[in-house]
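Subject: Structure handover

Hello,

Here is the structure I promised to pass on. Please open it alongside this message.

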Amino acid sequence: MLSIGKLAPGRADYYLDTVARGAEEYYIGSGEAPGRWLGRGAERLGLVGNVAGHQLRRVLNGAGPDGRPLLSSKGPKHMAGFDCTFNAPKSVTLLFALGSVEVRRQVRDAHEAAVDAALAVLETEACRVRRGKGGATVLPGDGFVAAAFRHRTSRAGDPHLHSHVVVANLAHARSDDRWSALDGRHLYSWCRTVGFLYEAHLRAELTHRLGVTWQAPRNGIADLAGIPKRAIDHFSQRRRQIVDRMALFGSLGGHGAQVATYATREDKDTSVPYAALQEWWTRRATKVGLDEQTLAAVCDTTARQHPARDDTDVDHLYRRLDAPNGITEHRSTFDRRDVIRQLCDELPAGAATTEVLGLADDYLDSHHVVALAEPGTERIRRGDGRRAPVPIDARRWTTPDLLAVEKHLIGMATHRRNAGAGLARADHVEAAIAA
């Protein structure tokens, strides 16, 4: 999935210090792969290929790669950027950590393709800058200045395939040819949806590359069929640390998890060579039912598939969205992001981000839905627990069936309004409120 955190000034060295000094150190040592530049904003600044330390430090400080300031005003508490972390499912991570050389290469490439595709959606939908008093005017930005760092381990020493995409807190607005700080509210409002798209794209890539099959997605995430749950749980030490911390203090929800994550965070031990970690993981995996034969059976290279939109029974898919346990199971109205997430959960073998977006837009243009509200404002919960308004571009929709149910209920209530039914005595109401 995708998580987003604010990046304090001076944090560039955290990512740069993990990078290997050369290819040999990456493959046999403890270092990670060099970072790579992403985003249309990076291209505008001529930043391509591998990330150089001085370049990253400059853009996180609000300047171009040549050191020229890009932001007209930058306060002493300037927020450097956002850490957008794309996390592969644990079963995929185990295939990457313990599989053959060819399998590891395919998983790595699939992960990076999914990161690139998902970030492109986030860039299109959420790259915005603010102008005017209190940032009242919101303008589209031309693209992110971002650097992606792929990591292989968690802080607890378990295999954990994930990428930190460091998005600098600046973007260029074509409308007035100025660079400004990002409007981070849009990043957070699209975070969950882009996480679903990353997972769906990853499933499609691995289905095509390795012929794997999947368990049913749940909340956007699906694990590989054939990887024992016992092994997944065993190699999830970092998650257990967070869950135990939340239980200790009675914390709940996303904010509680974020607090527990920071409270239990320790420096990652980069002194152990990766080859030694792999040997340790292999011994542990064998004890929990994940041996070489089990891993090999996960991949069926003779039956690789490529789930294409042309092979999807679109009508059947849309009927599943319309069903009572579909998109309106927990909501009476929905926006485009809700549809995108629901589609991702309805596609076990995944789909490319472009295919999911196309399916979502076609669904919203069909007879399956009824348009309701015009664009407006919603509210999101900040990391400190407070709620902040977010202007949104999306309209809201509902289904004809749900409108018919509401019309029926209103008709019943209107018909019986003079029948004396459903009335409560005033003293009973007061007693209920007092209790």
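Below is what was found in it, from the whole chain down to single residues.

**Ground rules**

This is a predicted model, so local features need pLDDT of at least 70 and side-chain atom pairs count only at pLDDT 80 or more, while totals for chains, interfaces and linings use all residues. Residues are numbered from 1 along each chain as its sequence is written, and side-chain values use heavy atoms, with hydrogens and water left out.

**Whole chain**

The chain has 17 helices and 13 strands. Both are DSSP runs, numbered from the N terminus: helices are H or I with at least four residues, strands are E with at least two. Of the 435 residues, 49% are buried. Buried means under 20% relative accessible area, exposed means over 50%, and partly exposed is in between (1.4 Å probe, protein chains only). The exposed surface of the chain is about 22000 Å², with carbon and sulfur atoms supplying 52% of it. Those areas come from the Shrake-Rupley method with a 1.4 Å probe; for residues, only the protein chains shown count as cover.

Contacts are heavy atoms within 4.5 Å. Among contacts in the chain with a separation of 6 or more, 70% are between residues 24 or more positions apart.

**The sheet**

Five strands form an open sheet in the order β1-β3-β7-β6-β2, with antiparallel pairing. The edges are β1 (2-7) and β2 (36-38), each paired on one side only. From one strand to the next, the twist averages 30°. Two strands pair if DSSP finds at least two bridges between them. Strands β6 (residues 146-153) and β7 (residues 159-168) run antiparallel and are joined by seven bridges. T153 has P159 in β7 as its bridge partner.

Two helices contact these strands. Helix α11 (residues 274-287) packs on the sheet and touches β6 and β7, its direction making about 50° with that of β6. Helix α7 (residues 184-210) lies across β1 and β3 (81-87), at about 150° to β1. Axes are lines fitted to C-alpha atoms, for helices over the stretch in contact; angles run from 0 to 180 degrees between N-to-C directions.

**A covered helix**

Helix α5 (residues 90-98) is mostly covered, with nine of its nine residues buried. Among them are K90, S91 and T93.

**Cysteines**

The disulfide count is zero. A disulfide here is a pair of cysteine sulfur atoms within 2.5 Å. Why is C191 not bonded to C84? The C84 sulfur is the closest cysteine sulfur to that of C191, but at 7.4 Å it is too far for a bond. C191 is buried, at 12% relative accessible area. C127 is also buried, at 0% relative accessibility.

**Two residues to look at**

T398 lies in strand β13 (residues 397-398). T398 is buried, with a relative accessible area of 3%. A polar atom of its side chain is 2.8 Å from the backbone oxygen of S332. Beyond neighbours within four places in sequence, the contacts of T398 include S332, F334, H368 and L403.

D177 is in the loop between β8 (171-173) and β9 (178-180). Is D177 buried or exposed? D177 counts as exposed, at 57% relative accessibility. Its side chain makes a polar contact of 2.7 Å with that of H172. A polar contact is a pair of N or O atoms within 3.5 Å; within protein, one must be able to donate a hydrogen and the other to accept it, and residues adjacent in sequence count only if both atoms are side-chain atoms. D177 and D142 are 35 residues apart in sequence and 10.0 Å apart in space, C-alpha to C-alpha.

Best wishes
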